[in-house]
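Please look first at the sequence and the three-dimensional model below. The paragraphs that follow lead from one pair of helices to another, and then to single residues.

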Amino acid sequence: MSHRPAPCCPDLMKKMPFWLLRLFGNIRGAWRYMKSSRDCKIARYNISTALPDLSKKKQEKMVKRSLMQSSVTALELWRIWQYEHGDVTRRIVGHKGRGMLERGMEYGKGVIVAVPYIGNWEVIAYYLATLECDTLLSTSSPY
């Protein structure tokens with residue numbers, strides 16, 4: 001992945017709607033695919049090694065989608081890091097398994113959360129921070 005996820009105009013990008021950031025991310029990823037960037041070569045090697053039985057055409061399609069998605073994620077992530085905590089948590093639109101997480105927290109020994117590495121998963125930290133605060137404040141502690 002490029003070391004510069006946010007291009008030249010950070011103040012302008014901060015005000016862009018997410019759909020436009022995603023469009024730019026997809027264009028950037030397609031460009032990285034077309035110019036056969038270092039990331040493209042790495043993705044191509046990884047996919048061909050992990051999925052050797054997949055046709056070359058399908059492998060190339062996965063390489064391109066991977067580069068596009070990683071570019072979109074980089075721009076979204078950069079944008080989210082510019083937000084205040086409350087702005088991020090208001091943008092979370094859904095979750096599954098909160099009950100299991102709360103039951104695990106009731107034991108007071110810690111909970112390991114495993115999430116798939118798809119999209120902008122770093123937002124989970126904001127979400128978990130709100131759960132921990134809510135749970136800690138709503139349960140009585142002997143300490």
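**Helices, contacts and single residues**

Six residues of helix H3, namely Asp 39, Cys 40, Ala 43, Arg 44, Ile 47 and Ser 48, meet Gln 59, Glu 60, Met 62, Val 63 and Leu 67 of helix H4. Sorted by class, this contact of H3 with H4 consists of six nonpolar, two polar and three charged residues. The model in which these residues meet is a predicted one.

How do the two helices lie relative to each other? Helix H3 covers residues 38-50, and its axis lies 9 Å from that of H4, at an angle of about 135°. An angle of about 135° is neither over 145 degrees, as roughly antiparallel would require, nor within 65 to 115 degrees, as roughly perpendicular would require. H3 and H4 are therefore oblique to each other. Their crossing is right-handed.

One residue of this contact may now be followed on its own. Gln 59 belongs to helix H4. Is Gln 59 buried or exposed? Its relative accessibility is 5%, and because buried means under 20%, Gln 59 counts as buried. Leaving aside residues up to four places away in sequence, Gln 59 touches Ile 47, Ser 48, Leu 51, Pro 52 and Leu 54. Of these, Ile 47 and Ser 48 are listed in H3.

Helix H4 also packs with another helix. The axes of helix H2, residues 18-34, and helix H4, residues 56-81, come within 7 Å and cross at roughly 140°. That angle makes H2 oblique to H4. The crossing in which H2 passes H4 is right-handed. In the contact of H2 with H4 there are twelve nonpolar, five polar and eight charged residues.

Within helix H2, the reader should locate Gly 25. Gly 25 has a relative accessibility of 0% and therefore counts as buried. Which residues does Gly 25 touch, if those up to four places away in sequence are not counted? They are Met 68, Ser 71, Val 72 and Leu 75. The pair formed by Gly 25 and Leu 75 shows how the chain brings separated positions together: the two are 50 residues apart in sequence, whereas their C-alpha atoms are 6.5 Å apart in space.

Between H2 and H3 there is a loop, and Ser 36 is found in it. Although Ser 36 is not a glycine, its phi is positive, at about 50°. With a relative accessible area of 27%, Ser 36 is partly exposed, because that class lies between the limits of 20% and 50%.

The view may now widen to the whole chain. The protein chain contains seven helices and zero strands. From the N terminus on, its elements therefore read α-α-α-α-α-α-α. Of the 143 residues in the protein chain, 27% are buried. The protein chain exposes about 10,700 Å², and carbon and sulfur atoms supply 61% of that area.

A final value concerns contacts across the sequence. Among contacts in the protein chain between residues at least 6 apart in sequence, 72% join residues at least 24 apart. Gly 25 and Leu 75, which touch and are 50 residues apart in sequence, provide one example of such a contact.

Conventions. Residues are numbered from 1 along each chain as its sequence is written. This is a predicted model: local features need pLDDT of at least 70, side-chain atom pairs count only at pLDDT 80 or more; totals for chains, interfaces and linings use all residues. Side-chain values use heavy atoms; hydrogens and water are left out. Helices (H or I, at least four residues) and strands (E, at least two) are DSSP runs, numbered from the N terminus. Buried means under 20% relative accessible area, exposed over 50%, partly exposed in between (1.4 Å probe, protein chains only). Contact means heavy atoms within 4.5 Å. Accessible areas come from the Shrake-Rupley method with a 1.4 Å probe; for residues, only the protein chains shown count as cover. Axes are lines fitted to C-alpha atoms, for helices over the stretch in contact, and angles run from 0 to 180 degrees between N-to-C directions. Angles under 35 degrees count as roughly parallel, over 145 as roughly antiparallel, 65 to 115 as roughly perpendicular and the rest as oblique. A crossing is left-handed if the near helix is turned anticlockwise from the far one by less than a right angle, and right-handed if clockwise. Ala, Val, Leu, Ile, Met, Phe, Trp, Tyr, Cys and Pro count as nonpolar, Asp, Glu, Lys and Arg as charged, and the others, Gly among them, as polar.
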